[in-house]
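This report considers how the strands of a protein model are arranged into sheets, and then turns to the surroundings of one helix.

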Amino acid sequence: MHPDVLESRPGSCPICKMSLVAVRLDTSWLCPIHTTVMSDKPGACPRCGRALVEARVAVTWTCSAQPGIDRIEPGTCPDGTPTVQRRTLRPHGNHNPQHGGQFFMAADSWHHVEGTYPRAGVFRLYVYDDYARPLTVADLRKVSARVVTNERYDARTRTSTDLTAFPLRPSRDGAYLEGRVTGVPFPAAMTAKITLKPDAPEYRFDFTFAAVTKDPGTAPANRAAAASRATSAARSSQPTAPPSQSAAATTVPAATIIPETVPEILVQLKARDAEIRDLIRQGNFAAVWVPAFQAKDLAVGLEPHIGHLQPTSRETAEPALQRLVRFAWLLDSFGDLGNRQQVEDAYAAFARAAGDVAKAFGGAQ
């Protein structure tokens, strides 16, 4: 249900509580525009010349004569031939911006959006599916959206009222939605409010642009160079090498180095807390997952020390660690969604849990 939730051991999903299932992951390099172009190393897309980006893929083994076979371990096919490796992009495996903007996932866990600010006074919105493929022109025309540059928030009802908003309309080629905005100095903070289908709820995505965004488009000369590499790139896109855990670590956060003593762990946990707070203040929600996951690992590293606490501290420590782990996951999820209020609410709960952990373990060595 939540493919972004990845653990190194069996257990249950911290969001929906479903049992985790085994999956073999690796990193491949994809074209941000042509997602069928896949390579086992960095390079340029042979079709458009853009730099390939890292993406998370699932690695399985199949049989040439029976492609319906899909196993997570190599073996032998029914006809006696060895299985062959297959790499497939996972849903939400590619969260790289395609046009130099900020990339978020919608709360429906299917759509994705990218907001860009290609020049002062112009906001542009791209909409994708769960594999980061652009919506069709017909589906994009079903999207209703506006960009809000000023609103009033009612803390009692937890609702916002638009004060200044601009409609977003499809471009002529149906590639994106665009609107003109006024009165927004840098850092340019604005909110896209989007209804993805006529019967869908409205979602909000909060963007902050420190400067105009730059689309990593390809110059004609680069296209020619890319075309000359088409043969080798196509050859490298075939699955040949076995999956490597070291490669997977580039898209799955590497295990945090846990200090040996409790005071050192608490210092690291405090530093991750401060880092999360600063990223939220900057509006850099997509980067929150890194210190949040590091904090989660530090919390897990404290679990073996619970037995050394006094009984009263022990009663506080265990639930506090559980809450910290849960809200670290939620920070990752809400960071992907791009909703500032959700991110701030999750951080407030995370910070309270971190404070309770520090208090419970404060006297431990």
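In this predicted model, strand 1 (residues 25-30) runs antiparallel to strand 2 and is joined to it by two bridges, with Leu 30 standing opposite Met 38 in strand 2. These strands belong to an open sheet of four strands, paired antiparallel in the order 2-1-3-4. Strand 2 (38-39) and strand 4 (84-89) each have a single partner strand, so that one side of each, at the edges of the sheet, is left without a neighbour there.

A further open sheet has eight strands in the order 5-6-7-10-9-8-11-12, again with antiparallel pairing. Its edges are formed by strand 5 (102-105) and strand 12 (202-209), each of which has a single partner strand and therefore one side without a neighbour in the sheet. On average, and with direction ignored, neighbouring strands of this sheet are turned by 30 degrees against each other. Within the sheet, strand 6 and strand 7 run antiparallel, and the bridge partner of His 112 is Tyr 128 in strand 7.

The two strand pairs described above are set out here.

| Strand pair | Residues | Bridges |
|---|---|---|
| Strand 1 and strand 2 | 25-30 and 38-39 | Two bridges |
| Strand 6 and strand 7 | 112-119 and 122-128 | Six bridges |

Helix 6 (residues 289-302) has 14 residues and reaches 20 Å from its first C-alpha to its last, close to the 20 Å expected at 1.5 Å a residue. Because ten of its 14 residues are buried, helix 6 is largely enclosed by the rest of the structure. The buried residues, including Phe 293, Lys 296, Asp 297 and Leu 298, pack against helix 5 (262-282), helix 7 (311-337) and helix 8 (340-361).

Key: Residues are numbered from 1 along each chain as its sequence is written. This is a predicted model: local features need pLDDT of at least 70, side-chain atom pairs count only at pLDDT 80 or more; totals for chains, interfaces and linings use all residues. Side-chain values use heavy atoms; hydrogens and water are left out. Two strands pair if DSSP finds at least two bridges between them. The expected span of a helix is 1.5 Å times one less than its number of residues. Buried means under 20% relative accessible area, exposed over 50%, partly exposed in between (1.4 Å probe, protein chains only). Contact means heavy atoms within 4.5 Å. Axes are lines fitted to C-alpha atoms, for helices over the stretch in contact, and angles run from 0 to 180 degrees between N-to-C directions.
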